[in-house]
Every structure is written in C-alpha cells, then in structure tokens.
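This report describes the side-chain links found in a single protein chain. The sequence and structure are shown first, and the links are then taken in turn.

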Amino acid sequence: QVRLVESGGGLVQPGGSLRLSCGASGFIVSDKIMSWYRQALGKERDFVAHIYQSGNTYYSTSVEGRFTISRDNAKNTVYLEMTELKPEDTAVYYCTVANTAYWGQGTQVTVSS
C-alpha cells in the first residue's frame, strides 16, 4: 500500500527557512520521480520541484535557487529545503509520485511577519 506523509510545515518569517519531509511507504522513492507541489488558498495546485531516479533535479522558476529537493534512500524519504522564504510561498505543500494518483495529505507553510 502506497503512503506518503508530509511534515515540517509551520509559520516562518520572511527570509526564513524550513525543511519539509515526505516519508514514503509501499514503494522505493529512488525508483520513482518524486515531486513537490503547492496550492495557495483559492489557487490551483502548482509544480515546485522534481527529483529523478538519477538524482537530477528540476525546479519551477519561482523557487529555483531558493529551494532544494533531495532524498534519503535509507530513510525512503524525500525532502524540500526552503530558504529565503517569501509571503508568496505560503501554501499547502504536497508530495507526490509523479504521474500517479498518489499524493500526501499536505503540510501548511505560512510565511508572515
């Protein structure tokens, strides 16, 4: 049974940092393209970052240079390190196995002073 559980969200001031985690079970994260998406209130869900089986990464232009996606194969976990956070980064962040119906429940990130 595939399961994705996000954690690490919270309230942070502009310019601050957070690290999100996505714990996976039922499959091996390094065998799949893993992705982070986000959805702000009243808006569509948007792509944030991919990590490929090779370890290569790809980011949306809005986060490139500030966010880093990575994975720990031993823990079967994918991470999203977020730095230089801006109020417009406020959203629910979701982990997903790319091109599948498997999504986590999301974790709220709020950037506000």
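## The disulfide

The link of C22 and C95 is left-handed, with -75° about the S-S bond. This is a predicted model, and the count of disulfides in the chain comes to one. The sulfur atoms of C22 and C95 are 2.0 Å apart in this disulfide.

The disulfide links distant parts of the chain, since C22 is in strand β3 (residues 18–25) and C95 is in strand β9, 73 residues apart. C22 counts as buried because its relative accessibility is 0%. C95 likewise counts as buried, with 0% relative accessibility.

## The salt bridges

Side chains of opposite charge can pair when their charged atoms come close. In this model the count of salt bridges comes to two.

One salt bridge is formed by the side chains of D89 and R38, at 2.9 Å from N to O. This pair links distant parts of the chain: D89 is in the loop between β8 (77–82) and β9 (91–97), R38 is in strand β4 (residues 34–39), and the two are 51 residues apart. Both D89 and R38 are buried.

## A shared partner

The side chain of D89 also meets that of R66 in a salt bridge, with an N to O distance of 2.8 Å. R66 lies in the loop between β6 (57–59) and β7 (67–72) and D89 in the loop between β8 and β9, so the pair ties together parts that are 23 residues apart in sequence. R66 is buried, as is D89. Through salt bridges that share partners, R38, R66 and D89 are joined into one network.

Notes:
Residues numbered from 1 in each chain as written. Predicted model: local features only at pLDDT ≥ 70, side-chain atom pairs only at ≥ 80, totals over all residues. Heavy atoms only, no water. Salt bridge = Lys/Arg side-chain N within 4 Å of Asp/Glu carboxyl O. Helix = DSSP H or I, 4+ residues; strand = E, 2+ residues; numbered from the N terminus. Buried < 20%, exposed > 50% of the residue type's maximum accessible area, 1.4 Å probe, protein only. Disulfide = S-S within 2.5 Å.
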